[in-house]
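Could you walk me through this one, a bit at a time? I'm new here, so plain questions and plain answers would suit me well.

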Amino acid sequence: MKWDRPSAAGRRTAWLVEPAPWSWRAVSLLVLLTVSVSTSLRPNWGSDNAFVVKAADALLSGVSPYEDKRFLYLPSAVIMAVPEAMVPREALRWLLPLGMTGLVGVGWWASLRLFAVPLCSRFAVGGLGLLALAYKPYANLVLIGNWTAISAAALPVALLLAHRRSWAAAGLVVGLAIACKPMLVPVGLLFVLARQWRGLAGAVLVPVGLSLVGALLMPSPTLFFTKTLPFLFKGQDAYALPWDASPIAVLPRLGLPEAVAVVLAGAGALAGLWAVRVRWRRSEGETDGGALRLTETSCMVMLAAFLVSRPSFDHYLLVVLPPLLASGVREGSMPRSPWFWLALTPQTALVPWPSELAHKRRAFRDMAALCGLAGLLLRRVLRSGRVTLGPVTTAGSPPRTEPECAATPAASASRTAF
């Protein structure tokens, strides 16, 4: 008689989803508060958020926000930033880091709920604390106050709503996030694949409507087309180029012709979109209601966009990382492969990297993490669709292999290292 024993990864998962001790909760909360408070005490806090607040101040003063070439968002973002512009600077110094922390926390909460992970488990409590402590882009996001945090919260919330068959609400969430920062525009492909046209309409009409309102309230809104868009199409100038992790920006810095870099990045993005189509069509055998399929397709769409977008900064990966990490409770998911953690190593804090890869050359490491995650997710999508021949045993006969009837889907070939 053969007894089924849980795998090592299954035992680790069962331990992680158990309630976390109070010591874990205290340490995790302390880490989050330490990052926020230390950020408030630094002189360069909120540098990215300052551009949006400045745009709102310009609107209130009767000046076009697009006079500043650093403001690269839609007119709707100006409306969203007006309440923040009315907050005193000293109060904003303390509120902004807490707000960034809260938004990432919302994204982590929605990611956990998507995979039915208890919110007080070791995985939930320790995961967020470890992310804040060891993942360098988290600290960078809280420091600069970039509105990427809104997308980091909106994508998992939208996936959770879609998983619960509330596609229209998911479209509204994505639309509001695009109105703040047009980062989740590629997620519209998810609504097309699911043929959820009401959700797609919400994702499109909300930012368009709010942008029209913002354009009517500001002078010279056409500067968005004549000044801002050309600046974006040319890529980043010397101010932001050292931090741009897009392969189109980094590979020329390594000596590769820009045309070749564009072709390579474009090929990677097209391969990612093809993988999205393949993964979406393969839903058989899933027992979680499609949570893993939603996560992997949406993250692959975003990673494909990050490969060709200009710019593509380190904190962009925080949009896809929470749902990918939460998917680790599912067998065969990416976080159960040691290569997943190796891909995140270039962005791990406290690693003594050579000085050549520090400061303004940090984009080399960020590009390695971006390409690594995209390549691993592409590999996961393609390998999980393979089939293998298993042994078939009939009563009164020895084990044998019958290719005609024994073709069964194989689990991911990656090793488990949760």
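**A first look around**

Q: Where is P311 found?
A: Keep in mind that what you see is a predicted model. A cis peptide bond joins R310 and P311, with omega at about 5 degrees. Most peptide bonds are trans. As for its place, P311 sits in the loop between α15 (291-308) and α16 (321-326).

Q: What is phi of A116 near?
A: Most residues other than glycine have a negative phi. A116 sits in the loop between α5 and α6 (122-134). Its phi is positive although A116 is a residue other than glycine, and the value is near 55 degrees.

Q: How do the axes of α8 and α9 run, roughly parallel or roughly antiparallel?
A: Two packed helices are described by the angle between their axes and the distance between the axes. For helix α8 (residues 148-163) and α9, the axes come within 8 Å and cross at roughly 170 degrees. An angle over 145 degrees counts as roughly antiparallel. So α8 and α9 are, to each other, roughly antiparallel.

Q: How many nonpolar residues has the contact of α8 with α9?
A: On the α8 side you'll find I150, A154, V157, A158, L161 and A162, and they meet W167, A169, A170, V173, V174, A177 and C180 in α9. Sorted by class, this contact has no polar and no charged residues, and the nonpolar ones come to 13.

Q: At roughly what angle do the axes of α4 and α9 cross?
A: Helix α4 (residues 75-85) and helix α9 (residues 167-180) have axes that come within 6 Å. The two helices are roughly perpendicular to each other. Their axes cross at roughly 90 degrees.

Q: Which residues of α9 make the contact with α4?
A: By class, the contact of α4 with α9 has five nonpolar, one polar and no charged residues. From α4 come S76, A77 and M80. From α9 come L176, A179 and C180.

Q: Which element gives the most to the nonpolar patch?
A: On the surface, L29, L33, V37, L41, W94 and L98 make a nonpolar patch of about 560 Å². L41 lies in the loop between α2 and α3 (47-60), while the elements giving two or more residues are α2 (22-40) and α5 (89-114). With three residues, the element that gives the most is α2.

Q: How many residues apart in sequence are the parts that E18 and R122 tie together?
A: The count of salt bridges comes to eight. E18 forms a salt bridge with R122, and their closest N and O atoms are 3.0 Å apart. E18 lies in the loop between α1 (8-16) and α2, and R122 lies in helix α6, so the pair ties together parts whose separation in sequence is 104 residues.

Technical notes:
Residues numbered from 1 in each chain as written. Predicted model: local features only at pLDDT ≥ 70, side-chain atom pairs only at ≥ 80, totals over all residues. Heavy atoms only, no water. Axes fitted to C-alpha atoms, helices over the stretch in contact; angles between N-to-C directions. Helix = DSSP H or I, 4+ residues; strand = E, 2+ residues; numbered from the N terminus. Parallel < 35°, antiparallel > 145°, perpendicular 65-115°, else oblique. Contact = heavy atoms within 4.5 Å. Nonpolar A, V, L, I, M, F, W, Y, C, P; charged D, E, K, R; others polar. Patch = residues over 30% accessible without salt bridge, like charges linked within 9 Å, V, L, I, M, F, W, Y side chains within 5 Å. Areas by Shrake-Rupley, 256 points an atom, 1.4 Å probe, with all protein chains shown as cover. Salt bridge = Lys/Arg side-chain N within 4 Å of Asp/Glu carboxyl O.
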